[in-house]
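Thank you all for coming; I would like to walk you slowly through one structure, and I will take its parts one after another. Please have the display open while I talk.

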Amino acid sequence: MKHTINELEDIVSQVRRDIVRMVHSCQSGHPGGSLGCAEFLTALYFETMNHSKDFKMDGAGEDLFFLSNGHISPVFYSVLARSGYFSVAELATFRKLNSRVQGHPTTHEGLPGVRIASGSLGQGMSVAIGAALTKKLNKDHSLIFSLHGDGELQEGQNWEAIMFAPHNKVDNLIATIDYNGQQIDGPVEQVLSLENLQTKFEAFGWHVITSNGNNMEDIVKSLEYAKSLTGKGKPILNLMSTQMGHGVDFMVGSHKWHGTAPNDEQLASALNQNKETLGDY
């Protein structure tokens, strides 16, 4: 391993501090899903992916990541900065005018690490498949990783892409679903049930694995296992269970924190629950 589990967990603690401080500072943003995916993004960028901090948009010869549920930008920006793509100090400009660190990631600001705009949900799977096919055409054996919300799967475009990938043997793609059961309007089961996602993806021809996205040891092992399944004719789905708001006790499991910023007192409580390990920005 590049890092021990304890080292990765220390990074996660700092990432969680970044998330709540960013959203609190501008009183806007999406802390719940960001906190729930802190382990996953940390594992991906610090352990799993072969990637270069010398950012080039074409990404030749390196693994690429596409964030489809772009509203969880706080965790994405924090992990990119903490892994060296841009200055950690820039996190202080989150959602401010003329900032590169916008509420939803876009490419025209030129922020290193961001390859697609992902404010509109449901499009990331199609983009990831396109990038994976490009890798194959270029005889580039690197991998494509993507992350999607579970509520996001209510967008129909996903299912066209999910059908397309196995038919075209897109076996250099590892897509992850953040399966936290919450979306902005309430529990996913009440808004529009997804039924059994594992059975659905397997019926479409995907190889499905399951993981605990809030357990660092499990998510690291699961991503390594997913990598071992690539090149075998099927795309891989990592069905990742998480808790919205994980790591902050008053946010855990509630859709109310999907897009709500903490007040001063709540920020202090959240910071007390996550130790400063790498230095606040």
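**Helix packing and aromatic pairs**

Let me start with two helices, H3 and H9, which are oblique to each other, because their axes meet at an angle of about 55°, and an angle that is neither under 35 degrees, nor over 145, nor from 65 to 115 counts as oblique. I should say at once that this is a predicted model, so please hear every value that follows as computed from that model. The axes of H3 and helix H9, residues 216–228, are 10 Å apart, and the crossing of H3 and H9 is right-handed. On the H3 side the contact is made by Glu-39, Phe-40, Thr-42, Ala-43, Leu-44, Glu-47 and Thr-48, while H9 brings in Met-216, Ile-219, Val-220, Leu-223, Glu-224 and Lys-227.

Staying with H3, we come to the aromatic rings, and a search of the whole structure finds nine aromatic pairs. In one of them, the rings of Tyr-45 and Phe-65 have their centres 6.0 Å apart and their planes at 85°, and because planes over 60 degrees apart count as edge-to-face, that is how this pair is described. Tyr-45 belongs to helix H3, residues 38–48, and Phe-65 to strand S1, residues 64–67, so that the pair links distant parts of the chain, 20 residues apart. Tyr-45 and Phe-65 are both buried, and ring pairs link them with Phe-76 and Tyr-85 into a cluster.

Another edge-to-face pair is formed by Phe-250 and Trp-257, with 5.5 Å from centre to centre and 65° between the planes. Is each partner buried or partly exposed? Phe-250 has a relative accessible area of 28% and is therefore partly exposed, whereas Trp-257, at 10%, is buried.

Next, two rings with a basic side chain over them. The charged end of Arg-21 sits over the ring of Tyr-281, 4.2 Å from the ring centre, and Lys-200 lies over the face of Trp-159, at 5.6 Å from the ring centre.

Finally, let us turn to His-258, which lies in the loop between strand S7, residues 236–241, and helix H10, residues 264–272. His-258 has a relative accessible area of 10% and is therefore buried. Which residues does His-258 touch, if we leave out those up to four places away in sequence? The answer is Gly-29, His-30, Pro-31, Gly-32, His-71, Gln-183, Ile-184 and Met-244.

Technical notes: Residues numbered from 1 in each chain as written. Predicted model: local features only at pLDDT ≥ 70, side-chain atom pairs only at ≥ 80, totals over all residues. Heavy atoms only, no water. Phe/Tyr/Trp six-rings, centres within 6.5 Å; stacked < 30°, edge-to-face > 60°. Helix = DSSP H or I, 4+ residues; strand = E, 2+ residues; numbered from the N terminus. Buried < 20%, exposed > 50% of the residue type's maximum accessible area, 1.4 Å probe, protein only. Lys NZ or Arg CZ within 6 Å of the ring centre and 35° of its normal. Contact = heavy atoms within 4.5 Å. Axes fitted to C-alpha atoms, helices over the stretch in contact; angles between N-to-C directions. Left-handed = near helix turned anticlockwise from the far one by under 90°.
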